[in-house]
Amino acid sequence: MGRTLFDRIWDAHVVRELGAGWSLLHVDRHLLHDLSGGPALAELAGRGLPVHDPALVAATPDHAVSSRPGRDGTTYVPGGKLWAALRDRSAAAGVRLYDVGQPGQGIVHVMGPELGIVLPGLTVVCGDSHTCTNGGVGALAFGVGSSESTHALATQTLRLQRPKTMRIRCDGVLGAGVTAKDLALHIIGRLGAAAGTGYAIEYAGSAVQALEVEARLTLCNLTVELGARFGMVAPDEKTIAWLRGRPQAPQGDAFEKAAAHWRTLQSDADTVFDREETIDAGAVVPTMTWGTSPEHAIAVDARIPDPASAASADDRDAWTAALAYMGLEGGAPLAGTPVDWVFIGSCTNSRLSDLRAAAAIARGRHVAPNVTAWVVPGSENVKRAAEAEGLHTVFENAGFAWREPGCSMCVAANGEQVPPKARCVSTSNRNFVGRQGPQARTHLASPAMAVAAAVTGRITDVRTLVATS
Amino acid sequence: MSMQPFTAVNGRAAPFLRANVDTDVIIRIERLTSLQKDQLGPFALEAVRFRADGSEDPDCVFNQPTFRGAPFVLAGPNFGCGSSREGAVWALQGLGIRSVIAPSYGDIFYSNCFQNGVLPIRLPLAQIEALAAQCADGAPITVDLEKKTIVAPDGTSIAFAIDPLRREALLHGLDDIGLTLKDDALIRAWQAKDRSARPWAWPAPRT
């Protein structure tokens, strides 16, 4: 029986088998951010231990820094301590820091692949659940807590139990106006927020192969919202072309040797996965969440579920609570719901291709009165590239605020919050209770759908705008 | 990183069976930017325990005299999903919780529990609901990790499964870093071999 892509990378990184399905696994790259990185370095220093391999570690502030134009590391005062701790402790440990205002700084899961720090076939950890994003280039990447992060800093390994494997095959062609974000929300809506618990997921099929690399990063980003710690797409020629020339990727002959290896990183045709799911990509439409779990995802032209029709008492109670929190009524159409805020950004949807897709809808339109709309690029390099193409002007002319790179309103750990009871269409990844601020109401959507909401002032199927433009 | 061992604990079990309780709800991220790990208990589950005006919600199970300070939570599916923040475990510990009993967990939260001496037990939902009915008046249960059993208020013993390595580490409060550093020679040997097998995987020296 053949091996999966996941098995191939896992097996190649086993330092020692620990028994009972556990392995001591080598960590090839460790990324640190301001919220969890500084404390992990402090914990290590407190134990009197050095960083095992500082050259394999990189740091950037993203969670608790302000995205306000002209900001520095201390603009958001409570985050200033975290920023300074990351800077000082990285310097003391010999860890490279990509600091605020410097090329390379950005949301950790945006800057990692962008700089070529993350590569196919590498094991990558970060004290952040969305580390699975990096699976979009074929890395075995996963989020860890602070204790595991400290362990990885001290030993350059982790003690891990091998997960089961799942393949999600997406065949068919995504329709006009339908993106990787819609596909991911559709999958979570269909399979549920706990479907991936205990699994490593490989996305495959013609619709996944057809995705550009940045869209694969978006797809893999939402894997943790499906319950899985690992999500990945096999690297291919698109991946290789996308990585060529990135500053921290191997260069010249070393790159070609690496690429030859990356081409072998595939699941064998006769591989048996522990679980297989299939998705008809052609049937996916623009998708949005209505409730307080990413599994509360429906087609934008569908009606909000009615708790009276729930299959179980547990679902009925969960839906009722979600509707009350969101200020919505079961059975009503989702489209047409008035919105107050629009947020375009986050490790899900803040790359150059996302901003281009958003700008394509924003161009020649204007943000509706009473809507506040922000665009927060994912990294300093994304910001500069977008400005070089004039995208910032498109957004500003349309009434969007153009801001500095960071996690901003996705995580609300930086003073940037959706006000209580305000409704926000957001390109981020979590619509949890209080995620974007106490009592904030979040609807997850693609960048194009977020712009459609901003310019109409309501939840709107972006396909109705594209058809008329 | 001292870890509190878990052997056997007796006490009340608070029923909190909603599905998909995420770590953002367990501890707000803003609390983690300003507080130390031992200061989080008062802010655990604040969206659940407190009303919008900041006062305690008397209807919330964790505020009822019967369950305040209970060492166990009887929880619903996918407990601790979402963010990797280990502060979620610290916050629950701050509330006095030693063990969570749920049908399933977020994978990262599940690992984080073991790093801090909190025992996450998996049981089928029907068994948890039956336990919740028995514990509704505050009748105590005993969770025994040595025996891998939960003794219910009516005296019945419910067996639970747990990975043997995780059980061992929790029983003895073992420190993972100390264990792994014993293998440091192996780690360095693996690295030396990998540097020649995959030179591209190793960053060029910084200039």
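User: How do helix α2 and helix α5 of chain A cross, and at what angle?
Analyst: In this predicted model, α2 (residues 37-46) and α5 (residues 146-155) of chain A are helices, meaning DSSP runs of H or I with at least four residues, numbered from the N terminus. Their axes, lines fitted to C-alpha atoms over the stretch in contact, with angles from 0 to 180 degrees between N-to-C directions, come within 9 Å and cross at roughly 60°. Angles under 35 degrees count as roughly parallel, over 145 as roughly antiparallel, 65 to 115 as roughly perpendicular and the rest as oblique. That is why α2(A) is oblique to α5(A).

User: Which residues of α5(A) make the contact with α2(A)?
Analyst: Residues are in contact if their C-beta atoms, placed from the backbone, lie within 7 Å. From α2(A) come A:Pro39, A:Ala40, A:Leu41, A:Glu43 and A:Leu44. The α5(A) side is A:Ser146, A:Ser149, A:Thr150, A:Leu153 and A:Ala154.

User: Which element gives the most to the side of chain A that touches chain B?
Analyst: Happily, we have met this helix already. The contact takes 58 residues from chain A and 45 residues from chain B. With seven residues, the top contributor on the chain A side is α5(A).

User: How far apart are the C-alpha centres of domain 1 and domain 2 of chain A?
Analyst: An automatic or database domain assignment divides chain A into domain 1 (5-275) and domain 2 (301-468). The distance between their C-alpha centres is 24 Å.

User: How are residues and chains labelled, and what pLDDT is needed?
Analyst: Residues count from 1 along each chain as its sequence is written, while chains are lettered from A and ligands numbered from 1 in the order written. Totals for chains, interfaces and linings use all residues, whereas side-chain atom pairs count only at pLDDT 80 or more and local features need pLDDT of at least 70.

Terms used:
Helix = DSSP H or I, 4+ residues; strand = E, 2+ residues; numbered from the N terminus. Contact = placed C-beta atoms within 7 Å.
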